[in-house]
Amino acid sequence: MKGRGWAALAAMACAMTGIAPVAAQGWRHVGAVERVEPRADGVIVASGPAQLRVTAVGEGVFRVTLAPDGRFDPLPSWAVVAAAAPASVAVADTADAVTVTAGDAVAIVRKRPLRVEFADRAGHVLLSDSQQMPMAWSDSPHGPRVRSWKTMPADEHYYGLGDKAGPLDRRGRAFTLWNSDAYGWQGSSDPLYKSIPFFIGLRAGTAYGVFFDNTARSSFDFGKESEDYFSFGAEGGALDYYFIAGPQPARVLQRYTALTGRTPLPPMWALGFQQSRYSYNPESKVREVAAQLREHRIPADAIYLDIDYQQGYAPFTVDRKQFPHFEQMIADLRAQGLRTVLITDLHIKHAPGTGYAPFDSGLAADAFIRNPDGSLYIGPVWPGDAVFPDFTLSRVRDWWGGLYRDFTAMGAAGYWNDMNEPSVFNVPGNTMSPDAVHRLDDGSQRDHRAIHNVYGMLNARATYEGLLKLQPEQRPFVLTRAAYAGTQRYAATWTGDNSATWHHLAQSTPNLLSLGLSGMALAGDDVGGFIGSPPPDLLTRWYQLGAFNPVFRNHAATDTRPHEAWVDGPQHEALRREAIELRYRLMPYLYTVAEENSRSGLPIMRPVFLQYPQAEAFYGNDRDFLFGPDLFVAPVCDGRLDAQQIVLPPGEWFEFGTSRRQVAQKDPIRLDPRPSGVPLYARAGAIVPMQAVVQHTGEKPAGPLQLQVYLPKAGGECSGSLYQDDGESQAYKTGKLLRVAYGCEVSKRGVVLTSRIEQDGFAPWWGDVEVTVYGVARKPSALRRDGQSIADWSYDPQMQLVVIRMEQARRGWKVVLNL
Ligand code: GLC
């Protein structure tokens, strides 16, 4: 019986005999509701010893918690930052069901048997417990487990869970969430480094989300076991999940990131190109790479130092033999516009009696994780035997944060928390013993099994919070490998040890899109592939795609050939430079999108369906994506140079930087052979802010702010925005920022372009503006700015564009083009 698992069989057998499906694998399913206890924010129902709590924790957001023995775990969530009952919650108890209404969604708790459903106000069911298999727990003989089974509509698609391998749509596959050092992972590897137990269900344009807040080993089965249901559960912890109504996928994501927090605005340099390698050492090599970046005019903002700058791989040390002028080197790089990012792994070398301060101070502070017998938990990692901070304790997070004092004083700008699954060498499972003991602030203890998936996030949190304390005026930059839901509040991430293959280049997009859909917008992969040596064409294509990734970092393992932009001769170098330069030219747009992300949770890299939920042609598209709201990227991810087929998102699109319009249609566009560049399109109606190329984000761009306006057809409107601030401090929080809204209206008679200053607390680098209007079919008869005729403009009939140059344009204006 294809597609039917043991649980379905058991359930069918039970349904025939009328007995609750209990026996198989020790599951105990909930039965009928016996008692109802309405509350202001929802309801608690009882079925035998079990209790189920369903409460509204936001407009359209419900929390469901099962307590098999009637006792709810009081441990607060590590992930959730804001869950409060909305202003009005309505609870109604009828003979068959209790309904809880909050905003635009309703939770329905059916009584016989106990089943939970979620619907919109019109009564359309969005998610419901499986008829045959109500939620269940098991305490023997297979160990503690909890699980929920949901009816699976044939046309529903599932997205999320962080950076899983394989296609973006998770339907038909099953996944484990258990943070793992997955060196050399491939298309079918699972689990990987992160555990983000959140997904979006999308069906015919309507979306909802589920966040299963459980930090033990978890699993999601999206119809691998059966085509009738999907399920999620964990080997420990509680069945504790949130239902998040849409109906748009973007709304789900906004609500999910309201619940678990959003990515703070990053320093602008972190959006520049970052050069890394395992490892650049000694000091002279680092200086040489910096000099080469500048000589070759490869714009870049950061250089990473991997583990070899340390003494015997001991975190928070510097090997002075190799780096005799470490502080001076950091200062010299900074003078060249390059920030230094230091790896600071969490494993502290076990070095009693050697004067190694992080070990001594940690031991004195009782900061390290212990075994059940009270001895230190010791495991080998890069430095040899190591101990592991107990990040579940806030006092230990404070201690850890203090370890950054010297490095911040030396001028390092960012920190890289690697190996924090945690990775432990030469032990079963490659991680900490499941019995190791974590202590919590309330004095209770949990074993590592229960904490494992959130451990890396707490490492990133300790780093982020420590940096904020040390440098309260700076925006911290932390890069983490492991993550749990909510990690976006503290760190950017990357997809770990990928490989230098075309397959991995193609995998990069679904991974990064999925991270964005899982709340983690600031994500990238190792450009060029970590493991192995990419042939020149592959490396060039990777630079071209990486330029549109939120984090754009070139990185490679020790035994690989060099990956820097210039290593394959002038032709490849020129193509790679062009890709990086385009990124820097787009920096005003990218920074504006990153700021939007910090407020809305909408990612920087977006699957097309996030903005066009009805566009089902994109539900299974793993290659193409939106870069912010207005640019559509169709990267070349294979070695062929023959025509590429591209389906455009709904509406009208321009080939970027041209007046060539394309209307989205069912049939793909076939592109001519394209050895160079990335097929890039701008939405008709977009206004994209840009600048001249710079070598790093700290350099003042020459010339004016550039606005690219892609005109819609007559009757249409356009819009764009610009956000700017000093790029690195916290001053924006007190209003030191510039926010401009741009618009246009197109009629048969002409075009009206407007600039409206929404917030004027920061003076940007530009005063003049150059507007390029694409898609102007004939020469305008007159151009006026605020009623005065404009002197400096030109029309290019071939390119069908108008270029307008305006001085002192850093204020509101209205430009009229008469056609
Ligand atoms: C891990 C990281 C990799 C790093 C290496 C050495 O493999 O994933 O990025 O270069 O460790 O620190």
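Here's a quick tour of one sheet and some salt bridges in this structure. Keep in mind that the model is predicted. The sheet is an open one with five strands, and a search of the whole structure turns up 47 salt bridges.

**The five-stranded sheet**

- The strands sit in the order 6-7-8-9-10, and their pairing is antiparallel.
- Strand 6 (89-93) and strand 10 (125-128) are at the edges with a single partner strand each, so one side of each has no neighbour in the sheet.
- On average, neighbouring strands here are turned by 15° against each other, ignoring direction.
- Strands 6 and 7 run antiparallel and are joined by five bridges, with strand 7 covering residues 97-102.
- If you look at D93, its bridge partner in strand 7 is V98.

**Salt bridges around helix 8**

- D398 and K469 meet through their side chains, at 2.9 Å from N to O.
- D398 belongs to helix 6 (residues 394-402) and K469 to helix 8 (residues 448-470), so this pair ties together parts 71 residues apart in sequence.
- D398 is partly exposed at 45% relative accessible area, while K469 is exposed at 58%.
- R449 pairs with D435, and their closest N and O atoms are 3.0 Å apart.
- R449 is also in helix 8, whereas D435 is in the loop between strand 27 (414-417) and strand 28 (437-439).

**A buried partner and a network**

- R683 forms a salt bridge with D630, with the closest N and O atoms 2.8 Å apart.
- R683 is in strand 43 (residues 680-683), and D630 is in the loop between strands 37 and 38, 53 residues away.
- D630 counts as buried, because its relative accessibility is 5%, under the 20% cut-off.
- Shared partners link D181, D418, E421, R481 and D497 into one salt-bridge network.

How values were computed:
Residues numbered from 1 in each chain as written. Predicted model: local features only at pLDDT ≥ 70, side-chain atom pairs only at ≥ 80, totals over all residues. Heavy atoms only, no water. Pairing = 2+ DSSP bridges. Helix = DSSP H or I, 4+ residues; strand = E, 2+ residues; numbered from the N terminus. Axes fitted to C-alpha atoms, helices over the stretch in contact; angles between N-to-C directions. Salt bridge = Lys/Arg side-chain N within 4 Å of Asp/Glu carboxyl O. Buried < 20%, exposed > 50% of the residue type's maximum accessible area, 1.4 Å probe, protein only.
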